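Please load the model in your viewer, switch on a cartoon representation, and keep a selection prompt ready. The tour goes from the whole chain to single residues, with a suggested selection at each stop.

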Amino acid sequence: MTEQRLATGYVAPTGGWRTATVAGLRRPLQRSVELRLDVHDRIDHLAGQHYVVRLTAEDGYTAQRSYSVASAPGDPLVELFVERLDDGEVSGYLADVVEPGDELEVRGPIGGWFVWDGATPALLVAGGFGVVPFVAMIRHARDLGRLDLLRVAVSSRTLAELPYAEELVDAGAVVVLTREPRGIRPAGRLTAADLVPLWEPGQTAYVCGSTPFAEAASQLLVGMGFPAADVRVERFGPSGGP
Ligand SMILES: Cc1cc2nc3c(=O)[nH]c(=O)nc-3n(C[C@H](O)[C@H](O)[C@H](O)COP(=O)(O)OP(=O)(O)OC[C@H]3O[C@@H](n4cnc5c(N)ncnc54)[C@H](O)[C@@H]3O)c2cc1C
């Protein structure tokens with residue numbers, strides 16, 4: 001195990017390669033899969049960190065991709081939630097081929113910047129599957145009895161396509177839908193008017209989603225006057241490579 005000292009002074013754990021057994025698998029949404037992994041000799045993660053999953057073909061070809069952890073640090077299993085992309089090399093395999101009891105090669109936890117310490121007030125802004133690391137933060141906050149520290153805004157095309165929708169709504173998330181109305185709010189993109197009521201002094205903002213969403217949401221925050229230095233961004237862009 002290596003460690004990374006954070007700006008906040010505490011240390012983010014970093015784990016090496018491990019074998020994980022698929023202990024649970026569900027498909028609560030179309031075109032996606034929730035995997036519950038029993039990671040052997042696991043190093044506990046911080047909410048917001050991710051794992052790399054590596055697949056190896058019989059001819060030795062490998063592909064690896066990053067996936068955020070949705071489970072709280074106190075959960076005995078590591079939960080991932082993977083969107084199945086068309087022609088997606090790794091997401092397609094995880095969503096369609098993997099079965100309970102299978103073993104996967106994983107490396108983690110990884111990441112020392114996009115983590116929540118469980119004590120700092122935070123504004124969480126997610127687009128689509130960008131909610132995954134925030135589910136870990138919400139679950140961790142609930143375990144600590146500190147849900148009051150988190151303000152959450154999420155954007156999705158429709159409610160049916162939003163991972164963890166019920167859990168997010170229960171945590172008080174503002175849910176913005178771009179393809180259907182929600183209550184009296186017509187369909188439309190996230191705006192500063194959605195975020196301003198969630199802004200409180202001393203918050204760190206975390207933004208997560210596709211690259212275009214992450215850019216747009218960070219610009220909204222900075223445009224509102226949120227200090228750029230207090231905005232942390234995670235982009236779910238293509239993550240292949242060695
Ligand atoms: C830190 C981090 C955390 C991540 N966490 C998650 C997570 O929790 N859940 C999750 O589902 N994904 C997550 N991702 C994205 C994930 O790592 C992969 O990029 C994604 O699963 C696609 O891999 P693939 O092998 O299936 O697709 P590929 O075979 O690499 O690509 C297939 C096609 O999709 C395009 N593409 C690749 N990646 C993306 C993308 N992310 N968005 C849109 N188009 C893409 C490619 O250009 C190509 O056309 C995360 C990425 C990062 C960097």
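Helices and strands in this tour are DSSP runs, with at least four residues for a helix (H or I) and at least two for a strand (E), and they are numbered from the N terminus. The model is a predicted one.

**Whole chain**

Begin with everything selected: the protein has five helices and 13 strands, and its C-alpha atoms fill a box of roughly 50 × 40 × 30 Å along the principal axes. The radius of gyration is 17 Å, which agrees with the value near 18 Å for a compact globule of 242 residues. If you colour by burial, buried residues make up 37% of the 242 residues. Among contacts between residues at least 6 apart in sequence, 64% join residues at least 24 apart.

**Two domains**

Next, select residues 2-110 and 122-235 in two colours, since the domain assignment gives these ranges as domain 1 and domain 2. Their centres, taken over C-alpha atoms, are separated by 23 Å. Where they meet, 13 residues of domain 1 are in contact with eleven residues of domain 2. By class, the side of domain 1 that touches domain 2 has seven nonpolar, five polar and one charged residues.

**The annotated span**

Now select residues 15-116, which an unreviewed UniProt entry annotates as "domain: FAD-binding FR-type". This span is 8% helix and 45% strand, and the C-alpha atoms at its ends lie 18 Å apart.

**Strands 3, 4 and 8**

Select strand 3 (residues 17-26) together with strand 8, and you will find the two paired in the antiparallel sense over five bridges. Then add strand 4, which also pairs with strand 3 in the antiparallel sense, over six bridges, with Ala 20 standing opposite Val 39 in strand 4. Strand 3 and strand 4 form a hairpin with five residues between the strands, and in this hairpin Arg 31 takes a positive phi near 55°.

Stay on strand 3 and pick Arg 18, which is found there and whose bridge partner in strand 8 is Val 106. Is Arg 18 buried, exposed or partly exposed? Arg 18 counts as partly exposed because it has 18 C-beta neighbours inside 10 Å, a number between the limits of 12 or fewer for exposed and 20 or more for buried. Leaving aside residues up to four places away in sequence, Arg 18 touches Val 39, His 40, Asp 41, Arg 42 and Val 106. For a distance across the model, draw a line from Arg 18 to Asp 87, whose C-alpha atoms are separated by 27 Å although the residues are 69 apart along the chain.

**Asp 41 and the next hairpin**

From Arg 18, step to its contact Asp 41, which has its place in the loop between strand 4 (32-39) and strand 5. Asp 41 is exposed, with 9 other C-beta atoms within 10 Å, and its phi is near 50°, a positive value in a residue other than glycine. Most residues other than glycine have a negative phi, and most peptide bonds are trans.

Follow the chain into strand 5 (residues 50-56), which seven bridges join to strand 6 (residues 62-68), the two running antiparallel. Val 53 stands opposite Arg 65 in strand 6. The two strands form a hairpin with five residues between them, and Gly 60 in the turn has a positive phi of about 95°.

**A cis peptide bond in strand 8**

Return to strand 8 (residues 103-110) and select Gly 108. What is the peptide bond from Gly 108 to Pro 109? That bond is cis, with omega near 0°, and Pro 109 is also found in strand 8. Gly 108 is buried, with 28 other C-beta atoms within 10 Å. Not counting residues up to four places away in sequence, Gly 108 touches Gly 15, His 45, Gln 49, His 50, Tyr 51 and Val 52. The C-alpha atoms of Gly 108 and Val 231, 123 residues apart along the chain, are separated by 24 Å.

**Last stop: Tyr 164**

Finally, select Tyr 164, in the loop between strand 10 (150-156) and helix 3 (165-170). Tyr 164 has a positive phi of about 60° although it is not a glycine. Whereas Asp 41 is exposed, Tyr 164 is buried, with 24 other C-beta atoms within 10 Å.

Definitions and conventions
Residues numbered from 1 in each chain as written. Predicted model: local features only at pLDDT ≥ 70, side-chain atom pairs only at ≥ 80, totals over all residues. Domains from an automatic or database assignment. Contact = placed C-beta atoms within 7 Å. Nonpolar A, V, L, I, M, F, W, Y, C, P; charged D, E, K, R; others polar. UniProt positions renumbered as here; feature names shortened; annotations may be inferred. Pairing = 2+ DSSP bridges. Rg over C-alpha atoms; globule rule 2.2 N^0.38 Å.
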